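Please study the structure shown below before attempting the exercises. Each task is followed by a worked solution.

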Amino acid sequence: MWLFEGQCGELGVTLPCKNVTFSLDFCDTNKMIRTMKTRRSEITIMTKTMTRPSKSNASIKNSTTPAAAIRALPVKSFVRLSDLPGADTARRKAVSRAVESGDLLKVRRGLYYRGKATRYGMTHPSTADVVNVVMGSVGVGLAGFSAAREWGVTTQVPASVHVATLKRVEGLGGVKQTVRSNLARADLNAKEIALLELMREPDVYVEAGWGALVAAVRDAIVTRAIRVDRLRLAGHDEYDLATGSNIDRLLANLNELTPVVASAA
C-alpha cells in the first residue's frame with residue numbers, strides 16, 4: 001500500500017514509499033532564503049583546514065609522553081604531530097622513531113597513520129579516509145565520476161578520487177581537487193554536494209540514466225540523507241546555470257511520481 005502526504009509551496013515534493021508517510025515542508029520559502037543568506041554572510045573560509053575529531057584523542061589524553069601516546073593509538077587511526085603530548089622536540093623524535101620502526105606511516109607533513117601490522121608491512125589508509133581527515137567536511141564532497149559512484153549511477157572507476165571543495169589543500173596526493181566559489185555549499189553535506197556536482201553535467205556522469213538518478217534521489221530523500229530545500233537554493237547560486245535548471249527538472253520528475261520512482265520504492 002502507498003501512503004502519501006503532500007505539502008504546500010512551489011517547492012513541494014510528494015514522495016511514495018511503502019508503509020511510510022513522508023513529506024517535505026517548503027511553505028516558508030522566503031524565511032529559508034533569508035536564513036541561508038545570513039548564514040552565508042557569516043561563513044569564513046578558514047586558512048587552517050577543519051577536520052573531524054580523531055578516535056585517537058582519548059588514548060593521547062591518557063598518555064604522558066609522545067612515545068606512549070603513539071603506542072596507545074588504536075589501529076586505523078590518524079594522529080597529528082601537534083596532538084601528541086610533550087615538547088615539540090620530543091614529539092618529533094618520537095614520531096621519527098615510530099616511522100623508522102614501522103609503527104607509523106607518514107601521510108603528509110604533520111599527519112601520521114597507524115595501520116594494521118602485516119607480514120608485508122603496515123596497511124595504508126584509503127584515499128577517502130585521508131580526504132576526510134585532511135579536508136574536513138565543510139563544503140567538501142565528491143565530484144565527477146567519484147560522485148556518480150557515490151550515487152550508484154555509473155560503473156566507471158576513476159583513476160583518482162575527485163573532490164569538490166571551497167579551498168584547495170596542498171600536498172594531498174592521489175586526489176583531484178576542483179575548487180568551487182559557491183559559499184552556499186558550506187551548508188550542504190557530502191551527499192548533497194555530490195548530487196550538486198552531478199547536476200552540472202548529468203549526461204556525462206550519470207551512466208545508468210536520468211531515471212535511475214531520480215530513483216536514487218527519491219530514496220535518499222525518504223531516508224533524510226539529503227535536504228532538497230538547501231540543495232535547490234545552493235544549486236541556483238552556482239556559477240553554472242545548468243545546475244539550477246537540472247535540479248528543477250529533478251524536482252519536477254519527483255513530483256510527477258514517474259514509473260521509475262514508484263517501482264523503486
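The exercises below concern one helix and one sheet of this predicted model.

**Exercise 1.** Determine what span is expected for helix α4 (residues 88–101), and compare it with the distance between its end C-alpha atoms.

*Solution.* Step 1: helix α4 has 14 residues, and the rise is 1.5 Å a residue. Step 2: the expected span is 1.5 Å times one less than the number of residues, which gives 20 Å. Step 3: the end C-alpha atoms of α4 are 20 Å apart, so the two values agree.

**Exercise 2.** Identify which residues of α4 are buried, and explain how they are arranged around the axis.

*Solution.* Step 1: with buried meaning under 20% relative accessible area, Arg91, Ala94, Val95 and Ala98 qualify in α4. Step 2: these residues cover an arc of only 95° around the axis, and therefore lie on the same side of α4. Step 3: an α-helix has 3.6 residues a turn, so residues three or four places apart point the same way. Step 4: the buried residues of α4 pack against α3 (66–71) and β5 (111–114), whereas Arg97 and Glu100, on the other side of α4, are exposed.

**Exercise 3.** Describe the order and pairing of the three strands in the open sheet, and state which helix packs on the sheet.

*Solution.* Step 1: the strand order is β3-β5-β4, with antiparallel pairing. Step 2: β3 (77–80) and β4 (105–108) are the edge strands, each pairing on one side only. Step 3: β3 and β5 are joined by four bridges, and Val79 stands opposite Tyr112 in β5. Step 4: helix α5 (residues 127–135) packs on the sheet and touches β3, β4 and β5.

Terms used: Residues are numbered from 1 along each chain as its sequence is written. This is a predicted model: local features need pLDDT of at least 70, side-chain atom pairs count only at pLDDT 80 or more; totals for chains, interfaces and linings use all residues. Side-chain values use heavy atoms; hydrogens and water are left out. Helices (H or I, at least four residues) and strands (E, at least two) are DSSP runs, numbered from the N terminus. Buried means under 20% relative accessible area, exposed over 50%, partly exposed in between (1.4 Å probe, protein chains only). The arc is that of the directions from the helix axis to the C-beta atoms. Contact means heavy atoms within 4.5 Å. Two strands pair if DSSP finds at least two bridges between them. Axes are lines fitted to C-alpha atoms, for helices over the stretch in contact, and angles run from 0 to 180 degrees between N-to-C directions.
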